[in-house]
Amino acid sequence: MGIKALAGRDLLAIADLTIEEMKSLLQLAADLKSGVLKPHCRKILGLLFYKASTRTRVSFTAAMYQLGGQVLDLNPSVTQVGRGEPIQDTARVLDRYIDILAVRTFKQADLQTFADHAKMPIINALSDLEHPCQILADLQTIKECFGKLESLTVTYLGDGNNVAHSLILGGVMMGMTVRVATPKNYEPLAEIVQQAQQIAAPGGKVELTDDPKAAAQGSHILYTDVWASMGQEDLADSRIPIFQPYQINQELLALADPEAIVLHCLPAHRGEEITGAVMEGPQSRLWDQAENRMHAQKALMVALLGLV
């Protein structure tokens, strides 16, 4: 079935996709980026963001405008959901007005409530558990650089957060080795690791360690995120000494494969999880990665709306 099987579906977590569907989405993203395909629609995308956003908000908006559709910014501070209207009520009403909804929120369960009470496709634009749209763009970027995904090693360094969770799941589904190096007590959730082991494609595996140098050794991709996610800002200063050994710098990059690339989902704190020299260096692919948010999400909307 491939891409057509996604029509009308939700994407709440990366493992909502099968391996075949993810491969088809990545190919569709590449075709849209190259201009091979130019679908057009007059659909309406709603953005309901409880968390701040630059790349997710702008990339979704630009993608829908390029498709010929419209975007409604459903800011919780100026809609009734921000005043306590139940999610199920909001979902039922929005379902009568718009065609697809991207939600950026805290609880994964809230996304499920939207999906349970709306017929339109619901997209997880980030939750505390996962960030599936980010990882679709990451995989697209890696494939552009290496021409493949299977048999590559990606090393994630830092906090075992939502980005780490989706990277683990998406990476193993594409036959990659995903190394995750975190300080003790900051590991990714055990249930995510267990799920990854169950859905991994041949050759896909997860490796957990607290040794950043061992994790970087020979890796094809070094990846990091901020050390304190949204909602954890009060912990940022206290985490710096704990996470300092996991910084992506020239010394750590020198341990990776000579052709290795560096990724960061942004925004970055230069001098903390990554140095400015690495961000601006020849192995950085951060800006391609950020651009690919638009192409990957355009592919996702095209698929969920049944435009191909």
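**Figure 1. P267 and its cis peptide bond.** In this predicted model, P267 sits in the loop between β9 (261-264) and α11 (276-279). Look at the link between L266 and P267: the peptide bond there is cis, with omega at about 5°. Why is that worth a close-up? Most residues other than glycine have a negative phi, and most peptide bonds are trans.

**Figure 2. S151, a residue with positive phi.** S151 is not a glycine, yet its phi is positive, at about 75°. You can find S151 in the loop between α5 (132-146) and β5 (153-157). Is S151 buried, partly exposed or exposed? S151 is partly exposed, because its relative accessible area is 48%, and the partly exposed class runs between 20% and 50%.

**Figure 3. N185, another loop residue with positive phi.** Here too phi is positive in a residue other than glycine, with N185 near 80°. The loop that holds N185 runs between β6 (177-181) and α7 (190-199). N185 has a relative accessibility of 71%, so it counts as exposed; the cut-off for that class is over 50%.

**Figure 4. S53 and its two backbone partners.** S53 belongs to the loop between β1 (44-49) and α2 (55-67). With 18% relative accessibility, S53 counts as buried, because buried means under 20%. Which backbone nitrogen does the S53 side chain reach at 2.9 Å? That nitrogen belongs to R57. The side chain of S53 also reaches the backbone nitrogen of T56, at 3.4 Å.

**Figure 5. Helix α2 packed on helix α12.** Two packed helices are described by the angle between their axes and the distance between the axes. For α2 and α12, the angle is about 55° and the axes are 8 Å apart. That angle makes α2 oblique to α12. Their crossing is right-handed. On the α2 side, the contact is made by R55, T56, S59, F60, A62, A63, M64, Q66 and L67, and on the α12 side by A290, R293, M294, Q297, K298, M301 and V302. Sorted by class, the contact of α2 with α12 has nine nonpolar, four polar and three charged residues.

**Figure 6. Helix α1 crossing helix α12.** Now turn to α1 (residues 19-34), whose axis comes within 8 Å of the axis of α12 (residues 286-304). The two axes cross at roughly 115°, which means that α1 is roughly perpendicular to α12. The crossing of α1 and α12 is right-handed. From α1, the contact uses L25, L28, A29, L32 and K33; from α12, it uses E291, N292, H295, A296, K298, A299, L300, V302 and A303. How many nonpolar residues does the contact of α1 with α12 have? There are nine, along with two polar and three charged residues.

**Figure 7. Helices α3 and α4.** The axes of α3 (residues 87-95) and α4 (residues 108-117) cross at roughly 45° and come within 8 Å. At that angle, α3 is oblique to α4. The crossing of α3 and α4 is right-handed. I87, Q88, T90, A91 and R92 of α3 meet D110, T113, F114 and H117 of α4. In the contact of α3 with α4, three residues are nonpolar, four are polar and two are charged.

**Figure 8. D237 and R239 in helix α9.** Both D237 and R239 lie in helix α9, which covers residues 236-243. D237 counts as exposed, at 64% relative accessibility, whereas R239 is buried, with a relative accessible area of 8%. Which residues does R239 contact once its neighbours within four places in sequence are left aside? R239 is in contact with D159, Y186, W227, A228 and Q232. Back at D237, try tracing the chain to Q250, 13 residues apart from it: their C-alpha atoms are separated by 23 Å.

**Figure 9. I248 and its surroundings.** I248 lies in the loop between α9 and α10 (250-253). Its relative accessibility is 0%, so I248 counts as buried. Not counting residues up to four places away in sequence, I248 touches L157, L222, Y223, T224, V262, E273, I274, T275 and V278. V278 is 30 residues apart from I248 along the chain, and the C-alpha atoms of the two are separated by 7.4 Å.

Notes. Residues numbered from 1 in each chain as written. Predicted model: local features only at pLDDT ≥ 70, side-chain atom pairs only at ≥ 80, totals over all residues. Heavy atoms only, no water. Helix = DSSP H or I, 4+ residues; strand = E, 2+ residues; numbered from the N terminus. Buried < 20%, exposed > 50% of the residue type's maximum accessible area, 1.4 Å probe, protein only. Polar contact = N/O pair within 3.5 Å; in protein donor to acceptor, adjacent residues only side chain to side chain. Axes fitted to C-alpha atoms, helices over the stretch in contact; angles between N-to-C directions. Parallel < 35°, antiparallel > 145°, perpendicular 65-115°, else oblique. Left-handed = near helix turned anticlockwise from the far one by under 90°. Contact = heavy atoms within 4.5 Å. Nonpolar A, V, L, I, M, F, W, Y, C, P; charged D, E, K, R; others polar.
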